[in-house]
Amino acid sequence: MKHHQSKNFKAAWGKLLVYCKKYWPLMILAIIASSLGTVFTLIGPDKLSEMTDLITEGIMTGIDMDAIAKIGFTLIAFYAASACLSLFQGLVMAQVTQKTTNRLRHDISVKINRLPMWYYNRTTTGDILSRITNDVDTVGQSLNQSVGNLVHAVTLLIGSLIMMLITNVTMTITAILSTLIGFGLMMTIMGHSQKYFAAQQKHLGEINGHIEEIYTGHTVVKAYNDEAAAKSTFDKMNRDLRESGFKAQCLSGLMMPLMSFIGNFGYVAVCIVGAMLTMNDKISFGVIVAFMMYIRFFTQPLSQLAQAAQSLQSAAAAGERVFEFLEAEEMPDESGKPSMPQPVSGYVEFDHVRFGYEDSDKIVIKDFSAKARPGQKIAIVGPTGAGKTTLINLLMRFHELQGGEIRIDGTPTGAVKREDIHAQFCMVLQDTWLFEGTVRENLIYCTKNVSDEKMRQACKAVGLDHFIRTLPHGYDTVLNDQVNLSQGQKQQLTIARAMIADKPMLILDEATSSVDTRTELLIQNAMDELMKNRTSFVIAHRLSTIKNADLILVMKDGDIIESGTHRQLLEKGGFYADLYNSQFDAA
C-alpha cells in the first residue's frame with residue numbers, strides 16, 4: 001500500500017511538472033531568486049560572529065566602531081537583497097500558479113466536450129465540478145506555496161550545513177546528530193498521511209456529487225418525505241470526509257511541534273558543546289553566537305519541508321483526480337473526416353443496427369432496420385425500455401454503433417463528423433432545459449441571424465407569444481429563480497427553439513408530455529406545420545398524437561415487431577392495437 005501511495009504521489013507530480021513545462025523558465029527564475037535570497041541570509045551569522053568577536057576584544061582594548069558599522073551596513077544590504085529576491089520569487093510563482101490553473105480549467109472545459117456520453121452516465125455532475133473547482137484550486141495553492149518553500153528550505157539546509165562545516169566541524173556534528181531524529185520521524189509521518197490526503201479529496205468529490213443531486217431533485221425529496229434519509233446519507237459522507245481530513249491534518253500537524261522540539265534540543269546541544277570548547281580555548285564566543293543562528297537555519301527547513309510535504313501530498317491527491325479526468329478515453333478525433341454533403345434532403349436508413357451500452361453486456365438494439373423518406377413523419381412507439389430513445393441517440397451519434405449502419409442521404413453517419421450530423425437535426429426532448437439568460441437568448445440558442453419577426457412567429461405558433469409579452473421585459477426578460485415558468489411553458493419554449501433552428505430533420509421525444517390537452521392541440525398544429533418537408537422522428541406514449549404519422553414503427557425488446565400506418569396497425573389487431581386500446585380501457 002505504501003509503495004502504491006508513493007508511486008501515485010510521484011506520478012501525479014511528474015504529470016504536473018510535464019504539464020507546466022512551458023512555465024519552466026519562470027519557475028527556474030523563481031528558484032534562482034529564492035536560492036540567492038537564502039544565500040544572502042546565510043552570510044548573516046558569519047558577519048554577526050565577526051561583530052561579536054570585535055565587541056568581545058573591544059571590551060578590553062576599545063571597541064572599533066567603524067568596523068562594526070561597516071559590518072552592520074553590510075548585513076542590512078544582505079538582508080534587504082534577500083527580502084527583494086523573496087518578493088520577486090513570490091510574484092513569479094504567483095504568475096506561474098495562475099497560468100497553470102487557468103490552463104488546467106481550460107483543458108478540462110475542452111475535455112468535457114470530447115468525452116463520450118457514457119462517461120457522464122457513470123460519473124456524477126458534482127464529482128466533475130469538484131475536480132474543476134476544489135482539485136484545481138488545491139493544485140494551484142500547493143504550486144504557489146510549496147515550490148518556493150521547498151527551494152528555500154533545501155537551499156537553507158544545504159547552505160547552513162556548509163557554513164557550519166566551514167566554521168567548526170565538532171559543532172556541526174553536534175547539530176547534525178541532534179536533528180537527525182527529526183528527519184526520520186518526518187519521513188515516517190509523510191508515508192502514513194498520504195493515503196488520508198487521497199481519501200480526503202475522494203470524499204470531497206463524493207459529497208459534492210451528493211449535494212448536487214439532492215439539490216437538483218429537492219422537489220422529489222420533499223414529495224416522498226425522504227429528507228431524513230438524504231440527511232443520513234449526507235451525514236455518513238460528511239463523517240467519512242471529517243475522519244479522512246482529521247487523520248490527514250492530524251498527522252501533518254504533528255510535524256510542526258516535533259520540529260520545534262528538535263530545534264530547541266539542537267540549541268541546548270550546541271550551547272553545551274560550545275561552552276565546553278570555549279572553556280578549552282578551542283573556539284571564540286562569536287562562534288557560539290554564529291552557531292545559535294545556524295542551528296535555527298538548519299532546523300527551520302525541517303519545519304518548512306514538513307509544511308511543503310503536507311501541501312504536496314494534498315496536491316498530489318488532487319492532481320491525480322484532475323489528470324485522471326484529463327486522461328479519460330475521448331471520442332475518436334474526426335478532424336480528417338469529410339463534411340456532410342449538402343443539401344441534405346432527409347432520406348434516413350437504418351441497416352441492421354446493433355447496439356449495447358459501453359458499461360453493460362446487455363444488447364439494447366438487436367437488429368433494427370427501417371427507412372424514412374424525405375418529408376415523412378416517422379413515429380416510434382413501444383413499451384418503456386424498448387429502445388426508442390436509444391435509437392434517437394444513435395441517430396444523433398451520441399453513441400457509436402456496435403453493428404450495422406445508419407445512413408443519411410446514402411452517407412453513413414460514422415463516415416462524417418459528429419458536428420455535421422448534429423447540424424442536420426433540431427431536437428425537442430421530454431426533459432426541457434433552459435439556460436440562465438433572456439428569453440430571446442434561449443429561443444435563438446446557437447442559431448445566427450434570427451429576425452425578431454421569425455422569433456415571434458414561432459412563439460405565436462406554439463401559443464407562447466402572449467405570455468412572453470406579459471413578462472416584465474418581454475423577450476428581454478432574464479430567466480432565473482425570480483421568473484417561474486411552468487413545465488408546459490418551458491416545453492413550449494423549447495419547441496419554439498426547434499422551429500427557429502429550422503433544420504432538415506426533426507426529433508421529438510415526448511415533446512408534448514408536459515402540456516395540457518388544449519395546449520397540446522395548439523402545439524400539435526404548430527408541429528404539423530413545422531414537420532412539413534422535413535423528415536421527422538417522433539417518440540410518443542400518447543398514441544393519439546401520432547395518428548397522422550406516415551409510418552409507425554412498433555418496437556419491443558430492441559426489435560421492430562410491427563410497422564405501418566395507424567389504420568393498418570389497428571386493422572392488424574396486433575401489439576400496437578393492444579397498446580392503443582389499453583389507453584382507453586379505463587374509460
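# Notebook: sheets, cores and single residues

I began with one residue pair in this predicted model. I looked up F350 and found that its bridge partner in β4 is I406.

**Entry 1. The four-stranded sheet**

I next asked how β4 is joined to its neighbour. Strand β4 covers residues 403-408, and five bridges join it to β1 in an antiparallel run. I then turned to β1 (residues 348-355) and β2 (residues 365-372), which also pair in the antiparallel sense, over five bridges. I noted two bridge partners on this side: E349 is matched with K371 of β2, and V353 is matched with F368 of β2.

In what order do the four strands of this open sheet stand? I read the order as β2-β1-β4-β5, with antiparallel pairing. The edges are held by β2 and β5 (411-412); each has a single partner strand, so one side of each is left without a neighbour in the sheet. I also recorded that helix α11 lies across β1, β2 and β4, and that it runs at about 115° to β1.

**Entry 2. The six-stranded sheet**

I then examined an open sheet of six strands, whose order is β6-β9-β10-β3-β11-β12 and whose pairing is mixed. Why is one side of β6 and of β12 left without a neighbour in the sheet? I found that β6 (425-428) and β12 (559-564) stand at the edges and each have a single partner strand, so one side of each has no neighbour there. On average, neighbouring strands of this sheet are turned by 20° against each other, direction ignored.

I followed the β12 edge in more detail. Strand β11 (residues 551-556) pairs with β12 over five bridges in the antiparallel sense. Within this pairing, I552 has G564 of β12 as its bridge partner.

Two helices were then checked against this sheet. Helix α11 (residues 388-395) lies across β3 (377-381), β6, β9 (505-509), β10 (535-539) and β11, and it runs at about 150° to β10. Helix α19 (residues 575-582) packs on the sheet and touches β3, β11 and β12, with its direction at about 95° to that of β11.

**Entry 3. The nonpolar cores**

I asked which residues have the most contacts inside the largest nonpolar core. This core has 40 residues, and the ones with the most contacts inside it are V439, L443, L493, L506, I546, I552 and Y576. Helix α16 (residues 487-501) gives the most to this core, namely seven residues. I also recorded a second, separate core of 31 residues, which includes A370, L391, I408 and M555.

I then listed what surrounds L506. Leaving aside neighbours within four places in sequence, L506 is in contact with C426, A498, M527, L530, M531, T535, S536 and F537.

**Entry 4. V439 and a cavity**

I located V439 in helix α13 (residues 439-443). Is V439 buried or exposed? Its relative accessibility is 2%, and the cut-off for buried is under 20%, so V439 counts as buried. Not counting residues up to four places away in sequence, V439 touches I468, L471, G474, Y475, T477, L479 and L493. For G474 I also noted the spacing: its C-alpha atom is separated from that of V439 by 7.9 Å, although the two residues are 35 residues apart along the chain.

I counted three cavities of 30 Å³ or more. The second largest holds about 40 Å³ of space. Its lining is made by V439, L464, F467, I468, L471, L485, Q489 and L493. The elements that give two or more residues to this lining are α15 (465-469) and α16.

**Entry 5. Two further residues**

I looked up Q424, whose place is in the loop between α12 (418-422) and β6. Q424 counts as buried, at 5% relative accessibility. Apart from neighbours within four places in sequence, Q424 is in contact with M340, Q342, V344, K503, P504 and M505.

My last residue was K231, which is found in helix α8 (residues 227-253). K231 is exposed, with a relative accessible area of 52%, and the cut-off for exposed is over 50%. I noted that K231 and I214 are 17 residues apart in sequence and 9.7 Å apart in space, C-alpha to C-alpha.

Technical notes: Residues are numbered from 1 along each chain as its sequence is written. This is a predicted model: local features need pLDDT of at least 70, side-chain atom pairs count only at pLDDT 80 or more; totals for chains, interfaces and linings use all residues. Side-chain values use heavy atoms; hydrogens and water are left out. A nonpolar core is a set of buried Ala, Val, Leu, Ile, Met, Phe, Trp, Tyr and Cys residues joined through side-chain atoms within 4.5 Å. Buried means under 20% relative accessible area, exposed over 50%, partly exposed in between (1.4 Å probe, protein chains only). Contact means heavy atoms within 4.5 Å. Two strands pair if DSSP finds at least two bridges between them. Axes are lines fitted to C-alpha atoms, for helices over the stretch in contact, and angles run from 0 to 180 degrees between N-to-C directions. On a 1 Å grid over the protein atoms alone, a cavity is a set of points where a 1.4 Å probe fits but cannot get out, and a pocket is an open set with protein on both sides within 12 Å along at least five of seven lines; lining residues have an atom within 4 Å of a point. Grid points are joined across faces, edges and corners, and a volume is the space filled by probe spheres set on the points.
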